[in-house]
Amino acid sequence: MAAPDPFETVELTDLDRAMLSGDHGEAAAVAMRILVAMAGVYGADRLLDIEGAHIDGCLYHGDSGVDFAELLVAGGARVRVPTTLNVGGLDLLHPEEFAGTAERRVKALRLMECYEAMGCRTIWTCAPYQTTPRPAFGQQIAWAESNAIVFANSVLGARTHRYGDFIDICAAITGRAPAVGFHLAENRRGQVVFDLRSLPHALRAAPWLLPAIGYLVGERCANRVPVLLGLEDADEDGLKALGAAAASAGAVALFHAVGSTPEAPTLEAALGGRDAEEWIEVAAADLRAGLRRLSTVRDAAAPDGVAGSLRIDVVALGSPHFSPREFAELLPIIERHPPAESVEFVVCTNRVSLAHLERGGDLERLRGHGVRVVVDTCVVVAPILRTPSGGVLMTNSGKFAHYAPGNVGFDVVFGSLSECVQSAHAGRLRRDPALWP
Amino acid sequence: MNDGELRGGVLVAGSGAGPVLRLEEPLSFWGGVDPATGRIIDRRHPRCGASVSGRVLVLPYGRGSSSSSSVLLEAVRVGTAPAAIVLRELDGILALGAAVARELYERSPAVVLLAPADWSAVREGAEASVDVSGCLRIAG
């Protein structure tokens with residue numbers, strides 16, 4: 001069947017039509033055409049106003065992204081709502097960290113400058129929710145970057161659909177988004193319950209629990225809305241790690257943690273007064289299986305006592321970008337167990353965390369121990385690592401564990417923060433048997 | 001309608017023809033397809049190594065990263081994109097990459113949505129074509 005023409009069926013305001021016809025410049029017309037076309041794809045009957053946007057399209061993937069941004073800039077694009085930028089392809093503060101070709105550097109920089117020219121805030125982070133003023137509960141926004149989407153929806157209770165590169169800037173330029181998906185209250189109720197309450201207490205306190213649960217949830221629930229029971233004590237960085245892993249393994253854009261997140265004061269509220277579509281009792285064996293899939297080295301999830309024989313080449317932390325609290329946890333462990341010279345140790349973060357580190361003198365201490373702190377970008381999206389691919393990378397991030405093999409060609413070992421640091425110190429995989437089921 | 005014709009819903013109108021590459025598992029284009037070659041590079045995907053270039057790509061839906069739209073757009077620019085994309089479930093992010101390609105380069109793969117029973121009937125390797133009305137024709 002031929003689709004109904006969205007330019008006929010989607011309800012448009014006078015301002016929407018004025019933008020479409022070019023009264024607000026050619027860029028606004030392009031942006032509105034794409035929005036209306038996408039409203040048609042989603043089956044939306046109208047657009048709604050948004051109060052903020054977060055842009056993922058500023059990361060260089062090839063010349064087409066630059067072509068699109070230059071088209072918008074040439075058409076006079078300016079964002080109409082406060083708009084923040086996700087990571088770019090370069091660390092602008094530490095250009096020496098870039099290990100790619102000169103041509104790629106120029107193009108990645110050109111793309112970042114285009115988005116800056118449109119009036120976006122140059123915070124260059126995948127954790128905008130830990131840097132700039134946060135969206136309020138119930139606020140309509142248009143965010144891209146899968147981990148930021150899930151955090152904004154779940155932990156803040158703001159409302160965004162799961163947006164991709166390009167529609168994010170179209171929404172920012174027009175201040176509009178299709179009225180679909182998680183913008184609408186009826187689509188935000190939980191569907192699948194993951195009951196963690198029968199897990200042994202020691203496991204529920206394990207430092208890797210939240211990313212491991214997130215990975216399991218992403219795999220099992222695809223694009224449905226999960227409800228987690230038994231996470232009343234989770235802190236913000238834990239929920240951030242959970243969401244990032246869930247959005248990597250699946251298409252999760254919203255979760256509810258009963259007793260922790262704002263739309264889930266009770267199970268009944270999280271489910272919107274309906275019955276769960278599926279109820280999953282999470283057992284220790286499920287977690288163990290999830291942990292095995294997070295690592296690509298065969299026996300890496302099997303604790304083998306104090307010192308393993310597996311060589312670790314790289315430790316990468318900070319996906320999503322490390323917060324000041326995460327640095328405060330890292331520092332004392334690094335001071336006790338500084339990385340071996342053979343191991344490349346990189347932490348990705350944003351300028352807000354970096355300024356915090358500098359003020360306290362902690363940045364110099366970390367660097368003194370051989371730790372590289374990278375801002376504005378990240379090791380799985382840009383050529384930052386100096387170690388040739390083909391080695392073993394260890395991380396406490398479910399998102400790094402998911403993407404590092406395909407994007408930068410490393411085998412991956414997933415572990416707790418403390419295990420990552422101690423492994424870097426030894427140059428070999430070290431497990432803390434007390435942490436493992 | 002002939003036996004070899006399936007009617008799909010148009011997400012992004014276009015026409016294209018080529019042999020069917022059928023994926024039973026969803027695929028994230030970002031981290032999953034190299035736009036320089038059109039090959040699947042996700043090591044956890046069962047069809048890793050296959051090329052999507054010039055194929056009628058039949059897959060249930062995309063997954064994972066919101067940058068998949070960028071990778072599809074880049075594949076269109078380079079000339080390694082599929083000839084058409086045939087989905088079983090609505091995928092806004094792949095449709096977005098195609099819609100932007102149409103805006104920017106005035107060409108893109110057609111993106112159509114088939115009913116699950118029809119989607120399941122499309123065989124790997126068959127010669128197929130998609131027209132602007134969302135009609136999928138399979139030869140033989």
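Is A:F166 buried or exposed, and how many other C-beta atoms lie within 10 Å? In this predicted model, A:F166 is buried, with 32 other C-beta atoms within 10 Å. This residue sits in the loop between helix 6 and helix 7 of chain A, and its backbone deserves a second look: phi is positive, about 95°, although A:F166 is not a glycine. For context, most residues other than glycine have a negative phi, and most peptide bonds are trans.

A:E145 offers another example of a positive phi in a residue other than glycine, with a value near 85°. A:E145 belongs to the loop between strand 4 (142–143) and helix 6 (146–156) of chain A. Because 32 C-beta neighbours lie inside 10 Å, A:E145 counts as buried. The peptide bonds hold a point of interest as well. The bond from A:S319 to A:P320 is cis, and its omega is near -5°. A:P320 itself is part of strand 10 of chain A, which covers residues 314–322.

Helix 4 of chain A makes a good place to look at how a helix is packed. Spanning residues 63–74, helix 4 of chain A has 12 residues and reaches 16 Å from its first C-alpha to its last, close to the 16 Å expected at 1.5 Å a residue. Its buried residues are A:S64, A:G65, A:F68, A:A69 and A:L72. Seen down the axis of helix 4 of chain A, these buried residues fall within an arc of 135°, so they line one face of the helix. The spacing fits a general pattern: an α-helix has 3.6 residues a turn, so residues three or four places apart point the same way.

The cover over the buried residues of helix 4 of chain A comes from both chains. From chain A it includes helix 3 (26–42), helix 5 (102–117) and helix 7 (167–174), while chain B brings helix 1 (68–78) and helix 2 (92–105). After helix 4 of chain A comes A:G76, a residue with a positive phi near 80°.

On a broader scale, chain A is divided into domain 1 (6–184), domain 2 (189–294) and domain 3 (314–435). The centres of domain 1 and domain 2 of chain A, taken over C-alpha atoms, are separated by 29 Å. Their contact draws 13 residues from domain 1 of chain A and 17 residues from domain 2 of chain A. On the side of domain 1 of chain A that touches domain 2 of chain A, seven residues are nonpolar, five are polar and one is charged.

Next comes the meeting of the two chains. Chain B gives 32 residues to the contact, and chain A gives 37 residues. On the side of chain B that touches chain A, strand 2 (9–12), helix 1 and helix 2 of chain B each supply at least two residues. Helix 2 of chain B accounts for the largest share of that side, eight residues. By class, the side of chain B that touches chain A has 12 nonpolar, 13 polar and seven charged residues.

Finally, the largest nonpolar core holds 196 residues, of which A:I34, A:L35, A:V315, B:V86, B:V111 and B:V112 touch the most other members. Helix 3 of chain A contributes the largest share of this core, 12 residues. Leaving aside residues up to four places away in sequence, B:V112 touches B:G8, B:G9, B:V10, B:L11, B:V86, B:V130, B:G134 and B:L136.

Technical notes
Residues are numbered from 1 along each chain as its sequence is written. Chains are lettered from A and ligands numbered from 1 in the order in which they are written. This is a predicted model: local features need pLDDT of at least 70, side-chain atom pairs count only at pLDDT 80 or more; totals for chains, interfaces and linings use all residues. Helices (H or I, at least four residues) and strands (E, at least two) are DSSP runs, numbered from the N terminus. The expected span of a helix is 1.5 Å times one less than its number of residues. A residue is buried if 20 or more other C-beta atoms lie within 10 Å of its own, exposed if 12 or fewer, and partly exposed in between; C-beta atoms are placed from the backbone. The arc is that of the directions from the helix axis to the C-beta atoms. Two residues are in contact if their C-beta atoms, placed from the backbone, lie within 7 Å. Domain bounds come from an automatic or database domain assignment. Ala, Val, Leu, Ile, Met, Phe, Trp, Tyr, Cys and Pro count as nonpolar, Asp, Glu, Lys and Arg as charged, and the others, Gly among them, as polar. A nonpolar core is a set of buried Ala, Val, Leu, Ile, Met, Phe, Trp, Tyr and Cys residues joined through C-beta atoms within 7 Å.
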